[in-house]
Amino acid sequence: MNESAAVAALGALAQGARLRVFRALVGAGPQGMTPGALSAMLDIPGSTLSFHLKELVHAGLVTAERDGRNLHYRPALVCMNELLAYLTDHCCGGLPCTPPRGTRPGPRRTTC
């Protein structure tokens with residue numbers, strides 16, 4: 001994944017409804033969900049949901065496949081994993097991310 005693809009993916013997820021849609025699709029796994037099921041689950045009107053799904057598809061985080069008269073939206077798990085790998089590529093300068101034994105961790109944060 002390159003920087004511009006990472007920015008597009010993060011930008012698509014930087015909106016509450018889209019993040020909820022993406023998380024619901026990830027939870028559904030490879031079988032995905034129809035817009036009707038997503039709309040009912042998340043209480044998002046169909047036209048609004050359609051807009052958010054389009055943005056997620058455009059960012060490469062979601063795929064859409066027509067099945068007869070229905071569309072099935074699925075998480076692009078490969079893209080999601082590439083984004084996670086891109087974000088953590090240089091984590092801790094190549095050193096293990098766990099604190100050495102005998103050291104105390106810093107104060108716990110309750111939010112990011």
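## Pro75 in strand 2

Pro75 is buried, with a relative accessible area of 8%. The model is predicted. Pro75 belongs to strand 2, which covers residues 70-75. Buried here means under 20% relative accessible area, so a value of 8% puts Pro75 in that class.

What does Pro75 touch, once neighbours within four places in sequence are set aside? The list is Leu25, Val26, Gly29 and Leu61. Pro30 and Pro75 are 45 residues apart in sequence. In space, their C-alpha atoms are 6.8 Å apart.

## Overall layout

The protein chain has five helices and two strands. Read from the N terminus, the order is α-α-α-α-β-β-α. The chain holds 112 residues, and 28% of them count as buried.

Contacts with a separation of 6 or more can be split by distance along the sequence. Of these, 57% join residues 24 or more positions apart. The chain exposes about 7,900 Å². Carbon and sulfur atoms supply 57% of that area.

## Arg18 and His52

Arg18 sits in helix 2 (residues 16-28). His52 sits in helix 4 (residues 46-58). Their side chains are joined by a polar contact of 3.2 Å. His52 has a relative accessible area of 7%, so it counts as buried. Beyond its neighbours within four places in sequence, His52 is in contact with Gln15, Ala17 and Arg18.

Arg18 is buried too, but it has no salt bridge. Which side chain of opposite charge is nearest to Arg18? It is Glu55, at 5.1 Å. A salt bridge needs a side-chain nitrogen of Lys or Arg within 4 Å of a carboxyl oxygen of Asp or Glu. The Glu55 distance of 5.1 Å is therefore outside that limit. The side chain of Arg18 does reach a backbone oxygen, that of Ala12, at 2.8 Å. With neighbours within four places left aside, the contacts of Arg18 are Gly11, Ala12, Phe51, His52, Glu55 and Leu56.

## Salt bridges

How many salt bridges does a search of the whole structure find? It finds two. One pairs Lys54 with Glu55, the closest N and O atoms being 3.0 Å apart. Lys54 is partly exposed, with a relative accessible area of 48%. Glu55 is also partly exposed, at 25%. Glu55 thus appears twice in this account: it pairs with Lys54, and it is the nearest side chain of opposite charge to Arg18.

The other salt bridge joins the side chains of Glu65 and Arg74, at 3.3 Å from N to O. Glu65 has a relative accessible area of 46% and counts as partly exposed. Arg74, at 21%, is partly exposed as well. The cut-off for buried is under 20%, so Arg74 at 21% falls outside that class.

## Nonpolar surface patch

Five residues are listed in a nonpolar patch on the surface: Met1, Leu10, Leu84, Tyr86 and Leu87. Together they have about 430 Å² of accessible area. Which element supplies the largest share of the patch? Helix 5 (residues 77-88) does, with three residues.

Met1 lies in the segment before helix 1 (3-13). Its relative accessibility is 34%, so Met1 counts as partly exposed. Patch residues must have over 30% relative accessible area, and Met1 at 34% therefore meets that condition.

## Two exposed residues

Asp43 is in the loop between helix 3 (35-42) and helix 4. Is Asp43 buried or exposed? At 71% relative accessibility, Asp43 counts as exposed. Phi of Asp43 is near 55 degrees, a positive value in a residue other than glycine. Most residues other than glycine have a negative phi.

Arg23 is in helix 2. Arg23 is exposed, with a relative accessible area of 61%. Leu13 is 10 residues from Arg23 in sequence. Their C-alpha atoms are 9.8 Å apart in space. Helix 2 thus holds both Arg23 and Arg18; Arg23 is exposed, whereas Arg18 is buried.

Conventions:
Residues are numbered from 1 along each chain as its sequence is written. This is a predicted model: local features need pLDDT of at least 70, side-chain atom pairs count only at pLDDT 80 or more; totals for chains, interfaces and linings use all residues. Side-chain values use heavy atoms; hydrogens and water are left out. Patches are made of residues with over 30% relative accessible area and no salt bridge: like charges are joined within 9 Å, nonpolar side chains (Val, Leu, Ile, Met, Phe, Trp, Tyr) within 5 Å. Accessible areas come from the Shrake-Rupley method with a 1.4 Å probe; for residues, only the protein chains shown count as cover. Helices (H or I, at least four residues) and strands (E, at least two) are DSSP runs, numbered from the N terminus. Buried means under 20% relative accessible area, exposed over 50%, partly exposed in between (1.4 Å probe, protein chains only). Contact means heavy atoms within 4.5 Å. Lys and Arg count as positive and Asp and Glu as negative; His and the chain ends are not counted. A polar contact is a pair of N or O atoms within 3.5 Å; within protein, one must be able to donate a hydrogen and the other to accept it, and residues adjacent in sequence count only if both atoms are side-chain atoms.
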